[in-house]
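Visitor: Got a minute to walk me through this one?
Guide: Sure, let's bring it up.
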Amino acid sequence: MLLLIFKRVLIAFFTVIAVILLSGILVHVVPGDPVTAMMAQSVSATPEAMAEMRARLGLDLPVWQQVLLYTWHVLQGDLGTSIRGNESVAWLFLQRLPNTFSLAVSGLVIALAIGLPLGFIAAINRGRLAETVVMVLAVLGVSIPAFWLGLILMQLFALELGWLPVAGSGWRNIVLPALTLGLTYCALVARMTRSALIEVLEEDYIRTARARGLREYQVLFVHALRPALISIVTVVGLVFAYLLGGQVIIENVFSWNGVGRLAVQAMLQRDYPMIQGFIVVFATSVVVVSMLIDILYGFLDPRMRKS
Amino acid sequence: MTDTSAPLASRRRLPVSILIGTGLAVVIVAAAVLAPSLIPFDPMRMAAGPRLAAPSFDHLFGTDEFGRDLFSRVLTGGRLSLGIGLTAVVSGLAIGGLIGLVAAFAGRLVEATLLRIIDVLYSFPDTLIALALVAFLGPGIENATLAIAISLVPFYARVTYGLAAAERAKPYVEAAKLAGIHTGRLVRVHVMPNIGQSLVVMGTLGFSSAILSAAGLSFLGLGVQPPSPEWGAILASGRNYINKAPWILIFPGVAICLTVLSFNLIGDSLRDLVDPRRKDRS
Amino acid sequence: MTSSGNPYLTVRDLTVSFQGKGGEFHAVDRIGFELDRGEILALVGESGSGKSMTSLAVMRLLPQAARMSGRITIAGDDVASLPRRQMEDVRGARIGMVFQEPMTSLNPVLTIARQMTEGLIRHQGLSRKAALAAARSALDDVGFGEPDRVLSQYPHQLSGGMRQRVMIAAALALRPGILIADEPTTALDVTVQAQVLDLLVDLKSRLGSGILLITHDIGVVAETADRVAVMRHGRIVETGATDAVLRNPTHDYTKALLASHLTVEKALGLRPAEKGAPSRS
């Protein structure tokens, strides 16, 4: 088990390094000179200013040196300085991280709270109306763009009914974006829960439990749900990653002061250090979450735990 | 109690979802292809009607903040969205398919290395990959399409690898190898025809996600730029009039939903047909 | 309840059918038999002869696609017409079942203790502590030297033979009138097979349960069963006391079964099941 954790941490570490290297390289893949692109909209784009910026970004060094230097800095927690505000990229992201995290977790909780029961209901009602209804809802759910759902919810609950604020970052403001994320990703959770549970319900040990004369709810909630939940845990990691991806847009819809909103502003302004920082921060979150999930899985499944 | 009646039930339901999906897709594709002769107004023409007019007989979907006809814009936007989706899927499938085939047939070391890389990339959501790439490439329709195509590569590589690896184990491949047929020729002549059909099916699965990514990027201002009538771009400008003119939000949004839904329905059902083992796993 | 004189389990005119492509397919075709406590009845036949469907019908655990007609009574109750919750009371308590696949028939994420005590708590209303004690003595009955260690383990930590003994212990701890053993030895090593069979015979005489032994192995029948019913294509083609049937088979199929078995025996030069007490683990 310790070995398993060690291996998993090592893989995660190297993945993060690869991502950092990649985001270091990507700047140089950009067609044209990044400095020209960055300063295109700026009035102070004098040749001197551009040369000064090149030197500041280390763009006068050979590419491989720049990439390694960038990686080295990132590993020390230095993501560079933003071009627009001239602030520490790491600090800018760090400030917004709690906002992003609280929204992601609230969204995930809602997605699970809706998706798990729906998937469960679908699985135990195979071939019946209830399953069809859930599956139709699920395919509708994965077909609606999150940002559009967000706009519709905003129109309904904030503008028409006036129950909730339109945008901002107070605690009441989290309701709508979290609900949007939750509703969007509960479909994914429901589908995965259903298939995990269906798989378990076909196992021999379910028949054994029934032959033992257990009440049907005992069969479902103890013998079927427990093993199903263990495989659902891995799904949660996947859903969380997707949710983080969708969150970038949702933060912008609701002007939620998180990493995603900051990142899109940076993208529109072509602030490369910020963009690189965003990729490193987001990719690391995805990698760390999936690593934690894998380790958690190891603890939950007795077959993994004792080996 | 192994429930053997349920697969029967889903087999019965299958044609219905394919039917709805295909029907929707035909209407959507037809509307997009025929858009130039269907639309009453030039989608870019300002003041084709009053500003922010509600849907009426003259303007079926109403008008936007510049008085442009929304019906014409949404239909024309379909050409953009479907075009981006198709280009991205075809190029993504080509690149990913090639990588998958190489992984399956180029020997142990290449296989292990490629699989590891594909798996890592696959753990990142495709919207996030597209977003990151567009951030570097810069906004615009070509860059967005390229970014979306690349974001689909891990998925297609994985699928192709899976199909090719299954094919690799079959006796005829072994026989062809013994007969001394070159690997490249073996893959081209023997393997590709056998997995081609499944690959096309998987292509439809990527299509809906490509459309969603395109709309999302344009909505953020990172994809197709206004005044082009891409659905996500229309929504981005329409959100400022959410209260005064909700139809600017409703029609393009419904268009996205129906397009994505139709291809999801087709993809899901086809996948079940091609791979019955996965029927119940979604 | 059991009216005295009536066998504990009776099966009359049992038919199990499936709707197939070419019309109805009869997995079990109008069979009947009875079984009382303290005796072993073997249902023997090749795979697909309807043995397992018969046992699932008795448990009312048939796949939903299956259709059943005929009458099955357990201790006087008609299985088909019992409400679901009452059927749950019958299963395990009056009629237990041990399945063919010891590797997959135990829940991998629950401890043996949990899986052995849940039936006791449910049917006999025992406290967790009392149930644990009962489970411990049941494991002792099937030859586990260290019941406590087994109780704390998960299925994957046990061998196939150990799991099958756990399954038997879990079923017998509930003191069912009848235990259905569906190919209990097929998935096991030859040496372990003998142990498990001896265990069943031993438990029958000590606990007085009746055993419905489902098998394809006529050697197993000879070793253990009091009576035998030979099944083929969903029908019982021959039935009677084991000695009589095996010594004087009247049906061609029974003869063929015996002949094939003897050939195997001769070819290998050994007896199919070796005698020996279950070893203490």
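Guide: We'll take the contact between two chains, then a sheet, then domains.

Guide: This is a predicted model: local features need pLDDT of at least 70, side-chain atom pairs count only at pLDDT 80 or more, and totals for chains, interfaces and linings use all residues. Residues are numbered from 1 along each chain as its sequence is written, and chains are lettered from A and ligands numbered from 1 in the order in which they are written.

Visitor: How many residues of chain B are in contact with chain A?
Guide: 44 residues of chain B, against 44 of chain A. Contact means C-beta atoms, placed from the backbone, within 7 Å.

Visitor: Which helix gives the largest share on the chain B side?
Guide: α10(B), with 9 residues. Helices are DSSP runs of H or I, at least four residues; strands are E runs, at least two; both are numbered from the N terminus.

Visitor: New topic. What is the strand order in the chain C sheet?
Guide: β2-β1-β4-β5, open and antiparallel. Strands pair if DSSP finds at least two bridges between them.

Visitor: Which strands stand at the edges?
Guide: β2 (23-35) and β5 (77-78) of chain C. Each has a single partner strand, so one side of each lacks a neighbour in the sheet.

Visitor: How many bridges join β4(C) and β5(C)?
Guide: 2 bridges, with β4(C) covering residues 67-74. I74(C) sits opposite D77(C) of β5(C).

Visitor: And how is chain A divided?
Guide: Into domain 1 (2-75) and domain 2 (98-270). Those bounds come from an automatic or database domain assignment. Their centres, taken over C-alpha atoms, are 35 Å apart.

Methods:
Two residues are in contact if their C-beta atoms, placed from the backbone, lie within 7 Å.
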